[in-house]
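Visitor: I'm new to protein models and would love a close look at a single part of this one. Please choose a pocket and talk me through it.

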Amino acid sequence: MSNLHIIDHPLVQHKMAMLRDKDLGTKDFRDLVNEITMFLGYEVTRDLPQEEVEIETPLMKTTQKVIAGKKLAIAPILRAGLGMVDGMLMLMPAAKVGHIGMYRDHESLEPQEYFFKMPNDISERQVIVVDPMLATGGSAMMAFDSLVKRGVDPKQIKFVCLVSCPEGVKALQENYPDIEIYTAALDEKLNEDAYILPGLGDAGDRLFGTL
């Protein structure tokens, strides 16, 4: 069974088409990232455990289902992952937020970790790692490595991105088959500089206006 979930809802695909436009301004890009992330978050949380509670409506008593208090954490890969945090928190306002700082060495194209800060009880939480792009998969796997070293079960990690490619998906599936991948698009391939084609450019630069 594949651990890849491509969210092909018409509204998601419509907003992704707008997001890819090179002429889209920083504010609109940021707003669209938040909106698309909320759609992805809806799917990511589909299997949250529930419990029944008794409430009283204006007309009668009734038994209804609520989320069973599962502990969640959102872990953005810096810096671009920060653009997806607010969209997730709109759905999960009680989730804790950790940070994983990485940059890509432009010569080796390999990720380098420079910062890692998580809630003290991270090993007890389901962790949603967010990063707009899944290119080579190197940054995501390094983030998973760091979480697993802190006691997080890979089965309690989910990865959410806006755009992915076959190379990155293959790397994650081979190295972390227990981690579910949620994406709004599976693009064609990587170019020689490890950028996704057709992609949407550098998500961090477009989010923060540093083009």
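**A closer look at one pocket**

Guide: In the lining of the second largest pocket, nine residues are nonpolar, two polar and three charged (Ala, Val, Leu, Ile, Met, Phe, Trp, Tyr, Cys and Pro count as nonpolar, Asp, Glu, Lys and Arg as charged, the others as polar). This is a predicted model, where local features need pLDDT of at least 70 and side-chain atom pairs pLDDT 80 or more, while totals for chains, interfaces and linings use all residues. Residues are numbered from 1 along each chain, and side-chain values use heavy atoms, without hydrogens or water.

The second largest pocket has 14 lining residues, with Leu 48, Ile 67, Leu 72, Leu 91 and Met 92 nearest its centre (on a 1 Å grid, a pocket is an open set of points with protein on both sides within 12 Å along at least five of seven lines, and lining residues have an atom within 4 Å of a point). Its space is about 230 Å³, counted as that filled by probe spheres set on the points.

Now follow Leu 91 to the surface: together with Met 38, Tyr 42 and Met 90, Leu 91 makes a nonpolar patch of about 410 Å² (side chains joined within 5 Å, from residues with over 30% relative accessible area and no salt bridge). Helix H2 (26-44) and helix H3 (85-91) each give at least two residues to this patch (helices are DSSP runs of at least four residues). Met 90 belongs to helix H3, and Met 90 counts as exposed because its relative accessibility is 60% (exposed means over 50%, with a 1.4 Å probe).

Conventions
1 Å grid on protein atoms, 1.4 Å probe; cavity = no way out; pocket = protein on both sides within 12 Å on 5 of 7 lines; lining within 4 Å. Patch = residues over 30% accessible without salt bridge, like charges linked within 9 Å, V, L, I, M, F, W, Y side chains within 5 Å. Areas by Shrake-Rupley, 256 points an atom, 1.4 Å probe, with all protein chains shown as cover. Salt bridge = Lys/Arg side-chain N within 4 Å of Asp/Glu carboxyl O. Buried < 20%, exposed > 50% of the residue type's maximum accessible area, 1.4 Å probe, protein only.
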